[in-house]
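I opened the notebook to check cysteines, one helix and some strand pairing. Here is what I looked up, in order.

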Amino acid sequence: MSHPLEQCNGEPCFKNCFTDCARAVLAGGAAAKSEALKEEVLATGLLEDNPLAEINSCFSLAVDEDFLKNNIRVKPNLDGLGALGDLGWYAIRAALFANNFELPKIVAASPGTVLNESGVILSCGASLSWEDGRTASIYCSFLANVGMEITAVGTNGTLCVQDFVIPFEETQATFTTCLKSGFNDPWVSRPTEHSVKTEIPQEACMVREFARLVGEIKNKGAKPDGFWPNISRKTQLVVDAIKESVDKNCQQISLSGR
C-alpha cells in the first residue's frame with residue numbers, strides 16, 4: 001500500500017491506500033454505523049446543546065527492560081517515532097475523532113519529553129488547539145502504568161471512556177456521561193454508565209471492514225474509500241508536528257496549509 005502522504009503531482013495520493021489498521025478506531029468506525037450505538041449516544045442527551053470544549057486522551061503502557069533495549073519501537077532506524085508513533089497515534093486519532101477529524105490550527109509538545117540514548121521518544125505529551133477555541137491534550141508513554149482513557153468535556157456535559165484501545169470486555173463497549181452539573185452542586189447529576197453490546201471483537205471488525213473495502217474495489221469496480229487514507233494522513237500530520245515541536249524545544253507548530 002502507498003504511504004498516505006505519498007505525493008502525486010503535488011497532491012496526496014491515496015489510490016492504493018485503504019487503512020492504517022488502527023484497530024480501535026477501525027472497530028469504532030464500523031461500530032459508529034450501528035444503529036444501537038447511535039441510539040445509545042443520542043439517548044444520553046450528550047449531543048444536545050453541548051459544544052465540545054476540551055478532550056484529553058491518554059495511552060500508556062509500562063514496558064520492561066528488554067522492550068526498552070530491543071523492541072523495534074525504540075530503534076531510530078526501525079520505528080524512530082517511538083511512543084509517539086505507536087501509542088500516540090491512538091491518542092491523537094481519538095482527539096481528531098472527537099473533533100470530526102478537523103485538523104487543529106496549532107500543535108505544541110509539552111515540556112518533559114523523555115528520550116532514550118538514541119533520541120527515540122519514550123514518553124511525551126502535547127496540546128492541540130483549534131481556531132474557535134477548542135483544545136485537546138494527548139499523552140503517550142512506555143514508562144507509565146496502563147492508561148487508555150478519553151475525557152471529552154463540553155459546555156453542558158462530559159463523556160469518559162476508560163478502555164478506548166483494548167477493551168475490558170470483548171462483548172460490550174461502555175462509557176459514562178455526566179450532564180448539566182453546575183458550580184454550586186457539581187454532583188447533582190452523577191455519572192451514568194452506558195453499555196452497547198458488540199457482535200464480534202474489534203480485531204475481527206477491523207478485518208471485516210478491510211475485506212469490505214477490498215471487495216468493493218475487486219468485485220464492484222469501486223474506487224478506494226477516501227475516508228481511511230484521509231484520516232490516516234491527518235493523524236500523521238499531527239504526529240509529525242508534535243515531533244517537530246519536540247525537536248524545537250516545544251515551539252508551537254502551525255498546521256495551516258498542510
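**Disulfides.** I counted a disulfide as a pair of cysteine sulfur atoms within 2.5 Å. The model I worked from is predicted. My search of the whole structure returned 0 disulfides.

I then asked why Cys 58 has no bond to the closest cysteine sulfur. That sulfur belongs to Cys 140 and lies 8.8 Å from the sulfur of Cys 58, which is too far for a bond. I looked up Cys 160 next. Its closest cysteine sulfur is in Cys 178, at 8.5 Å, so this pair is also too far apart for a bond. Is Cys 160 buried or exposed? I put it between the two: at 27% relative accessibility, Cys 160 is partly exposed.

**Strands around Cys 58.** I turned to strand E3, residues 52-60. I found E3 paired with strand E8 (residues 147-154) in the antiparallel sense, over 8 bridges. There, Phe 59 has Met 148 of E8 as its bridge partner. I also checked strand E7, residues 135-141. E3 and E7 run parallel and are joined by 7 bridges. Cys 58 has a bridge partner in E7, namely Tyr 139.

**Helix H6.** How far does H6 reach from its first C-alpha to its last? I read 31 Å for its 21 residues, 227-247, close to the expected 30 Å. I checked burial too. In H6, 15 of the 21 residues are buried, so the helix is largely enclosed by the rest of the structure. Just after H6, I noted a positive phi of about 60° at Asn 249.

Key. Residues are numbered from 1 along each chain as its sequence is written. This is a predicted model: local features need pLDDT of at least 70, side-chain atom pairs count only at pLDDT 80 or more; totals for chains, interfaces and linings use all residues. Side-chain values use heavy atoms; hydrogens and water are left out. Buried means under 20% relative accessible area, exposed over 50%, partly exposed in between (1.4 Å probe, protein chains only). Helices (H or I, at least four residues) and strands (E, at least two) are DSSP runs, numbered from the N terminus. The expected span of a helix is 1.5 Å times one less than its number of residues. Two strands pair if DSSP finds at least two bridges between them.
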